Amino acid sequence: MAAASKRNTKSCHVGHVLLGGDAPVVVQSMTNTDTADYLATAIQCAELARAGSELVRITVNTPEAAASVPKIRDHLGRMGCDVPLIGDFHYNGHRLLAEHPACAEALAKYRINPGNVGFGKKKDEQFAQMIEFACRYQKPVRIGVNWGSLDQELLARVMDDNSRSAASLDATQIMRHAMVTSALESAAKAQEIGLEAEKIILSCKVSSVQDLIAIYRELARRADYALHLGLTEAGMGSKGIVASTAALSVLLQEGIGDTIRVSLTPLPGGSRSEEVIVAQEILQSMGLRAFTPMVAACPGCGRTTSTLFQELAGEVQDFVRAKMPEWRLHYDGAENMTLAVMGCIVNGPGESKHANIGISLPGTGEAPAAPVYEDGVKTVTLKGENIASEFKQIIERYVERTYKKKLQK
């Protein structure tokens with residue numbers, strides 16, 4: 001079933017990336033380096049961009065971090081990486097933007113959390129200062145509410161209103177209502193100060209799937225701002241992947257969301273790029289975007305006691321991901337290619353025929369031969385020790401002759 005049309009009509013540019021309106025859903029990620037270490041941060045930004053992150057958010061929490069932002073931007077330029085950078089501000093963003101104008105200029109977007117932009121009487125003043133900087137430098141702003149740092153004064157007000165209401169809400173409903181209220185009231189204040197509605201992106205992040213779905217449905221119903229989706233603190237490994245996929249897929253299917261992040265906890269020393277790949281695969285599996293050729297592979301059964309098809313499937317997946325940056329430069333449409341690596345005769349030939357390129361490896365007791373199909377037609381049978389390298393060569397030749405070569409500048 002096709003996803004519903006997107007509900008919001010407003011769009012804006014974040015650097016060179018169009019976000020919102022009829023634009024495709026954008027993938028973003030966030031660094032976990034110390035931003036004051038500009039070289040390490042630039043390297044990780046480039047790594048995330050190469051993996052497919054179209055926007056990268058960086059922490060800007062100290063004067064040293066703010067001073068590093070233009071250095072990061074310059075170093076990325078020298079690396080040939082133009083990924084837009086988003087500044088993540090908490091508590092002292094108003095002061096950092098005032099004291100480091102080069103940082104304010106180098107960032108493509110600001111992220112403001114209304115729950116900790118300031119406290120007491122200073123809250124509105126400091127929020128206004130940050131919005132004024134966004135207006136001065138013509139930057140869009142994500143107003144990002146998070147249930148771990150929800151504005152306590154606003155929450156108390158919502159609870160008081162609820163206690164006086166005839167139709168009282170339970171604790172979960174109060175939290176959801178407070179988050180939506182925080183986002184919408186902050187957006188209204190930003191517009192009063194002078195920020196255009198087209199330059200406002202809203203997010204309300206929680207770590208519960210059902211809460212996220214309910215909150216964003218309400219946001220989409222009540223507002224016409226671009227929306228950033230993400231399950232905050234999603235967790236590690238399969239838990240984080242499954243929870244994020246469950247939440248985001250429901251909303252995306254309903255046409256809600258303009259940019260997404262999958263907030264996975266990496267293993268110590270693990271690559272941050274995994275969250276980018278998962279976000280891409282969510283969008284591609286739903287038919288909303290195409291980033292890299294999709295590889296179908298059977299799960300294996302008693303007929304597939306050999307590990308050959310498993311090894312080949314992994315090798316092919318890694319191969320096309322590694323080749324995609326090059327193919328993207330030289331060919332149009334290679335990301336839409338479908339591949340199949342199958343493990344026996346039961347579904348192997350049929351599944352292979354449905355893919356652009358498919359291979360059916362021999363199962364237990366079958367002849368030691370692997371027929372290859374291209375666009376439904378058997379073209380060759382591979383045998384011997386070099387099946388993997390020969391199959392990858394077939395893929396390369398297919399790309400070269402099938403997808404129109406881009407004009408070189």
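This passage walks through a few strands, one helix and the empty spaces of the structure, which is a predicted model.

A good place to start is strand β4, which covers residues 55–59. This strand is mostly tucked away, with four of its five residues buried. On one side there is strand β3 (residues 26–30), which runs parallel to β4 and is joined to it by three bridges. One pairing to look for here is S29 with V56, its bridge partner in β4. Getting from one strand to the other involves a helix: β3, α1 and β4 together make a right-handed β-α-β unit.

The pattern then turns up again with the next strand along. Strand β5 (residues 85–89) also runs parallel to β4, and four bridges join the two. Here R57 has I86 as its bridge partner in β5. Helix α2, made of residues 63–78, goes with β4 and β5 to form a right-handed β-α-β unit. So much for the strands; β4 takes part in both the unit with β3 and α1 and the unit with α2 and β5.

Next comes helix α5, which takes in residues 122–137. Its 16 residues reach 23 Å from the first C-alpha to the last, close to the expected 22 Å. Quite a few of its residues are buried, namely K123, Q126, F127, A128, M130, I131, F133, A134 and Y137. Just past the end of the helix, Q138 takes a positive phi of about 55°.

That leaves the empty spaces. The largest pocket holds about 730 Å³ of space. A total of 25 residues line this pocket, and A49, R50, G52, S53 and R328 are the ones that lie nearest its centre. Two elements give two or more residues to the lining: α1 (38–51) and α11 (308–330). Helix α1 is thus worth a second look, as it also belongs to the β-α-β unit with β3 and β4. The pocket lining is a mixed bunch, with eleven nonpolar, six polar and eight charged residues.

As for enclosed spaces, the structure holds two cavities of 30 Å³ or more. The second largest of them has about 30 Å³ of space. Around this cavity sit F89, H90, Y91, N92, G93, I112, N113, N116, V117 and M130. Helix α5 shows up again here, since M130 is one of its buried residues. By class, the lining of this second largest cavity splits into five nonpolar and five polar residues, with no charged ones.

Definitions and conventions. Residues numbered from 1 in each chain as written. Predicted model: local features only at pLDDT ≥ 70, side-chain atom pairs only at ≥ 80, totals over all residues. Heavy atoms only, no water. Expected span 1.5 Å × (residues − 1). Buried < 20%, exposed > 50% of the residue type's maximum accessible area, 1.4 Å probe, protein only. 1 Å grid on protein atoms, 1.4 Å probe; cavity = no way out; pocket = protein on both sides within 12 Å on 5 of 7 lines; lining within 4 Å. Points joined across faces, edges and corners; volume = space filled by probe spheres on them. Nonpolar A, V, L, I, M, F, W, Y, C, P; charged D, E, K, R; others polar. Pairing = 2+ DSSP bridges. Right-handed = clockwise from strand over helix to strand, strands pointing away.
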